[in-house]
Amino acid sequence: MLQTPFMWHSPRVILLLTSGVIPVLVFFSKRRRAQNLDNFPTVGCSFGPSRCFNNFYVGASRFLVDAPGVLKEGYEKYGNRPFKVATMLRWTVVFSDPQHMIEIANAAEEDLSFREAMKDIMGVDDALKINVDSPDHDLLAELLKSHIARNATKISNEVQDELLASLENVLGSESDDWISIPALGTVNRMMVQTWQRFFVGYPLCRNSEWCSLVAKIHKDAAILSVVRRLVPSVDIPNKFRFFVKMFSNIEANVDRATTLLGPTVEACMGEGDEYFASNQQKIDFLARLVRRSTGEDNLLRNLTTRLLGFTIAVASTFTHALYHLATNPEAAQALRDEVDPIVQRDGWNIQSVAKMSKIDSFLRESARINWLGFFRQAMRDFSLSDGTFLPKDCFVAVSLPPFHRDSTAHEAPDEFRPFRFSDNPEHSMTTITTQWLFFGYGKHLCPGRFLLAHQLKFMFAYMVSAYDVRIGDGWTSRPPNFVFGEGIVPNLSAHISYRRRQPTHDTR
């Protein structure tokens, strides 16, 4: 996902960062000492009081490179009891009990904030200099909810059209020879083009410079998110901006993106709810966003940064599944046996894709075993119904493996079984239960989950139908994930090989 002069995923770099400057920065961080959480048992280190610097640093270093192992140790040792783990930025209280999960997910934003937690982890607002005090700060998320709800079918058709264009643009369809590509980087290119169709419309979504800038800005934001986790500070915004300038060209790229978006925004300003481009295609989402904005200073740049700051996690989700497909050729044939007759009978559309239960099951199973949790930050002192007390500024995580890998709900829960859910329509990707939290739960349940699920399923089904896929040279099994603190990312450097689908099903 990240291609930079500094190889952040290199074990040598991680060791250097976590063994030199970082302990000093952690020691002086107010966040580490902000709350008294002694009532919660500590996991990840086994000596000394939890406020001891050595104890905190040992736990934070371990969590940085083995978060799944630390979390597994916690819920195996304490069951449904909450416990705390150290990260480079703070102590985090982890919950794995269904009742706690439901209460946390349904808590009001002014009590347990999703937005503040994501801002703290990702640092996108600081990196892009988004004006968080603007009355328009929450406008994008609000419009996404209403716009997707009102126009789901139309948007799905547009996204499907752009997915086909991006697939053909990036992969082509003529080669009978195996072609090796970097998996995550290639998927990200296709997703950028696809989602820009929704946000800024055609033809800007197919402007190669625009798509390249969006990809670079997302990449830099991801790098800076890593830096942010490693460099706690009392004065986060100013110190963080120092690293923004040191490690990225994000400010110059945002300036150029603002220039490219300008003509489209200007055209939207004088129209109604829908702006018609020269080819009569609607860019209605951007038009609504422009019309609802308040006309604050630097309106164009603020619109640009908000659009760029709204990142989509679909690329990682799809790449996880692609690695599973490339190392399970027998599953590919079973998927084709489902996809081919449906497409021959009904064509490619939202209704036909909805009938592909094995495609749905494959993607859900991949996401089930490759997701860690969701987060909240206490905005004020807050108590759960059983009396569990969370002090102001406390960082809260709900660990998903106890739910997604519950042995009472899933046979052999640690195994990847691609068709685990294919015979039960109640276990689709978009069905929300306490055993399936991929799209969240409660107040912050993803409003675009049906659109995202359709995009994933359509793209995956088309890949299966049109291409043979195998794992790249040097791998004999699924490439291991890259784990860095709270994040689980598909292997950053692995390649897959593809070719136009052959008459036979031999992918050797």
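**Exercise 1. State how much surface the protein exposes and how much of it carbon and sulfur atoms supply.**

Solution. The model is predicted. Its exposed area is about 21,800 Å². Carbon and sulfur atoms supply 52% of that area. Next, turn to the interior. Of the 508 residues, 56% are buried. Then add the fold elements: the protein has 20 helices and 12 strands. Finally, look at contacts with a separation of 6 or more. Residues 24 or more positions apart account for 74% of them.

**Exercise 2. Describe the largest nonpolar core and find what isoleucine 496 touches.**

Solution. Start with the core, which holds 89 residues. Trp210, Leu307, Phe318, Phe460 and Ile496 touch the most other members. Helix α20 gives the largest share, 11 residues. Another core lies apart from this one. That second core has 34 residues, including Leu112, Phe482, Phe484 and Val489. Now zoom in on isoleucine 496. Set aside residues up to four places away in sequence. Among the residues that isoleucine 496 then touches are Ile179, Ile181, Leu322, Tyr323, Val469 and Arg470.

**Exercise 3. Classify the aromatic pair of tryptophan 348 and phenylalanine 458, then place both residues.**

Solution. The structure holds 18 aromatic pairs. In this pair the centres are 5.3 Å apart and the planes make an angle of 85°. Planes over 60 degrees apart count as edge-to-face, so the pair is edge-to-face. Now place the partners. Tryptophan 348 sits in the loop between α16 (329-346) and α17 (350-354). Phenylalanine 458 is in helix α20 (residues 449-466). They are 110 residues apart, and the pair links distant parts of the chain. Last, check burial. Tryptophan 348 has 24% relative accessibility, so this residue counts as partly exposed. Phenylalanine 458 has 0%, so this one counts as buried.

**Exercise 4. Identify the rings that the charged ends of arginine 364 and arginine 470 sit over.**

Solution. Take arginine 364 and look for the ring under its charged end. The ring belongs to phenylalanine 421, and its centre is 4.3 Å away. Repeat for arginine 470. Here the ring is that of tryptophan 178, at 4.2 Å from its centre.

**Exercise 5. Test the length of helix α9 (residues 183-199), then follow the chain beyond α9.**

Solution. Helix α9 has 17 residues. At 1.5 Å a residue, they should span 24 Å. The end C-alpha atoms are 24 Å apart, so the two values agree. Now count burial: 15 of the 17 residues are buried, so α9 is largely enclosed by the rest of the structure. Glycine 201 follows α9, with a positive phi near 80°. Next comes a cis peptide bond between tyrosine 202 and proline 203, with omega about 15°. Proline 203 lies in the loop between α9 and α10 (208-230). Why does that bond stand out? Most peptide bonds are trans.

**Exercise 6. Locate aspartate 393 and alanine 412 and report their phi values.**

Solution. Aspartate 393 is not a glycine, yet its phi is positive, about 75°. The residue lies in the loop between β7 (389-390) and β8 (395-399). At 38% relative accessibility, aspartate 393 is partly exposed. Alanine 412 also has a positive phi, about 45°. Its loop runs between α19 (401-404) and α20. Alanine 412 is partly exposed too, at 25%.

**Exercise 7. Find the residues that asparagine 106 contacts beyond four places in sequence.**

Solution. Asparagine 106 lies in helix α4 (residues 98-106). Its contacts are Tyr441, Gly442 and Lys443. Compare the two separations for tyrosine 441: 335 residues in sequence, 7.6 Å from C-alpha to C-alpha.

Methods: Residues are numbered from 1 along each chain as its sequence is written. This is a predicted model: local features need pLDDT of at least 70, side-chain atom pairs count only at pLDDT 80 or more; totals for chains, interfaces and linings use all residues. Side-chain values use heavy atoms; hydrogens and water are left out. Rings of Phe, Tyr and Trp (its six-membered ring) pair if their centres lie within 6.5 Å; planes under 30 degrees apart count as stacked, over 60 as edge-to-face and the rest as tilted. Helices (H or I, at least four residues) and strands (E, at least two) are DSSP runs, numbered from the N terminus. Buried means under 20% relative accessible area, exposed over 50%, partly exposed in between (1.4 Å probe, protein chains only). A charge sits over a ring if NZ of Lys or CZ of Arg is within 6 Å of the ring centre and within 35 degrees of the ring normal. Contact means heavy atoms within 4.5 Å. Accessible areas come from the Shrake-Rupley method with a 1.4 Å probe; for residues, only the protein chains shown count as cover. A nonpolar core is a set of buried Ala, Val, Leu, Ile, Met, Phe, Trp, Tyr and Cys residues joined through side-chain atoms within 4.5 Å. The expected span of a helix is 1.5 Å times one less than its number of residues.
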